[in-house]
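Please open the structure in your viewer and set the display to a cartoon, with side chains ready to be switched on as they are called for. The tour goes from one selection to the next, and each stop says what is to be found there.

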Amino acid sequence: MAPSPGSWKCDGVPKNGKTYPNAGGAHPPYENFGPDCVVCGLPREAMEPASGNSSAGAGKSKLPLVAAALGVVLLLAGGIGFLGYRIFIANSNGTTPLPIGGTTSSNQLVSKTTSRNTAYMSQGERILISEPNPQRAALKQEAALAFDQGDWAQAIAKYQELVTLDPNDPEARIYLNNARARQAGNPMTMATIVPIGTSPDTAKEILRGVAQYQERFNASGPSRALEVAIVNENSPNGVTSLAEDLINSSIQGVLGHGTDANSRAALQVYEQAGIAALSPLTTNVTPQDNGRVQVQILSLNEKGQQLLNTYLDNAANTLAQAAAKKVPNAKVALLYNSDSPYSDELKTKLVTALPRFGAQVVQQIDVAAADFNANTAITAARQAGANVVMLAMSRARVNDAVALAIANQSHPPSVQLFGSDQLYSPDLLIKGDNAINGMILAVPWRTNPNDPFAQQAAQAWRGQISWRTTTAYDATQALAQAMLQGGDRASTQQLLRQGVQIQGQTASGTFDRVPLVQAAPGPNGPKGSNYQFNPLSGI
């Protein structure tokens, strides 16, 4: 029985008198828009009162949802941004994906398939990242209008002009590539979900990697060009709503999301639909003897947890060893935010790692506590004898990290600051200014002037790139190759699950020791800052 239009609510308790052994059980009421509940797996008919002719679907088998408790896939982004080079795929444990969503013309724009999140999706028909320059803003609107009307020649001309005016604009470059792909006909479409609303700089870093590989892929003359739908994950309807809309569109794969609970819920939706969902920040790239690399795709299960633990162990060991070498007889005040699983887990790893290198944890402070105050925290750390402050905090707490750095500087003698990769952001350099001078971070990748990819990317984007750009490039490459070879969602997912070969272009790799960077004065930082991150060795 086909579902009728409109939404419906499910509480996990069948109302039609039938039993569904594979359903997830009772839960708070949840509004659904597809044929099956994304929480428990019940079909829509289960919420309809029993009637004499409602036998259809009684024996329908439901795929049980696999709890994505790990939450390590997409950086994307609100919480995109921590794990070195691993790609996790939301899979269905080898079972047949549920047929969520109807058929959608591959020529129809993704934003045309939804009335809920239209303003948060674009392939070129609307501008998602605000443009402060009035002249460029007007030109972008002209380009978007031409794209929306299907005037590909005009859209190409306008977006090309924008890229020429600002080569560092990844949104315009993706839309230019999309217009060319549409003009060529029959493109294959992926979605990239980035935190435009909460962190536009992070979104741009990820989109640069996506755009750079999209351009390279399409220039190679594939049988189908790659098109990218950009999605702002900050829709007020939530990431689960965005996921449902993407499922009902023509997209073949998804790149995005972060570590927060909402991202995990969205991954469950993709999982049930049988769509590959990759993180641009979680790519495990293994070099091969033939100059190529093997990309390993692992499911959100205990193996994925083991990989997360491996990365966190490596990051914690790197920071602990650096603290012990940099500050003899290191006594560490450890600051974290308990509202972030990533921060909480890294804090736990550091508590274990620091004593192994001869450092002592003398204070643990939760910056998510209601009474947190940066000045009070620094004072308490010093009173406990700390000569090192370790900021094991999530990206959402960059402002708190800046406040702590300023408090540390304002009450001399200042102590050495260390931090996690989540703090690797333009905001830290711009807002922290000289208060963050000398701060050391452990990050999954760093720019190396001798790295061919770094040189290539710096030329393409007229400046230094971040590790998010690098990993987004790798993840896009893996997804695009699988999409081209597979041809549909199920085959794409299966290919990624097996592992695909890609041509190695980046400095990606699994780190036994996560690299370090240090904030220092320099001209290569973000606009508005006198500081930059430099590679750090010898400690």
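The stops below pass through a helix, a buried side chain, two nonpolar cores and a sheet. The model is a predicted one, which should be kept in mind at each stop.

Begin by selecting residues 152-165, which make up helix 2. With 14 residues at 1.5 Å a residue, helix 2 should span 20 Å, and because its end C-alpha atoms are 20 Å apart, the expected and modelled spans agree. Now switch on the side chains of Ala155, Ile156, Lys158, Tyr159, Leu162 and Val163, which are buried in helix 2. If helix 1 (134-148) and helix 3 (170-184) are added to the selection, you will see what the buried residues of helix 2 pack against.

Next, select Arg136, which has its place in helix 1. Is Arg136 buried or exposed? Its relative accessibility is 8%, and therefore Arg136 counts as buried, the cut-off being under 20%. The side chain of Arg136 makes a polar contact with the side chain of Glu131 at 3.3 Å, while a polar atom of the Arg136 side chain also lies 3.1 Å from the backbone oxygen of Leu162, a residue that is among the buried ones of helix 2. Beyond its neighbours within four places in sequence, Arg136 is in contact with residues including Leu165, Asp166 and Asp169.

Return to Tyr159, and use it as the way into the largest nonpolar core, which has 45 residues. Tyr159, Ile174, Met190, Val210, Leu226 and Ile230 have the most contacts inside this core, and helix 13 (residues 467-486) gives the most to it, with eight residues. In soluble globular proteins, nonpolar side chains tend to be buried together.

Centre the view on Met190, whose contacts, leaving aside neighbours within four places in sequence, include Val210, Leu226, Ile251, Leu255, Leu479 and Met483. A second, separate core has 34 residues, among them Ile365, Ala377, Ala401 and Val517.

Finally, select the open sheet, in which five strands run in the order 4-6-5-7-8 with mixed pairing. Strand 4 (121-122) and strand 8 (276-278) each have a single partner strand and stand at the edges, so one side of each is left without a neighbour in the sheet. Strand 4 pairs with strand 6 (residues 226-232) in the antiparallel sense over two bridges, and a selection of Met121 will show it standing opposite Val231 in strand 6.

Technical notes:
Residues are numbered from 1 along each chain as its sequence is written. This is a predicted model: local features need pLDDT of at least 70, side-chain atom pairs count only at pLDDT 80 or more; totals for chains, interfaces and linings use all residues. Side-chain values use heavy atoms; hydrogens and water are left out. Helices (H or I, at least four residues) and strands (E, at least two) are DSSP runs, numbered from the N terminus. The expected span of a helix is 1.5 Å times one less than its number of residues. Buried means under 20% relative accessible area, exposed over 50%, partly exposed in between (1.4 Å probe, protein chains only). Contact means heavy atoms within 4.5 Å. A nonpolar core is a set of buried Ala, Val, Leu, Ile, Met, Phe, Trp, Tyr and Cys residues joined through side-chain atoms within 4.5 Å. A polar contact is a pair of N or O atoms within 3.5 Å; within protein, one must be able to donate a hydrogen and the other to accept it, and residues adjacent in sequence count only if both atoms are side-chain atoms. Two strands pair if DSSP finds at least two bridges between them.
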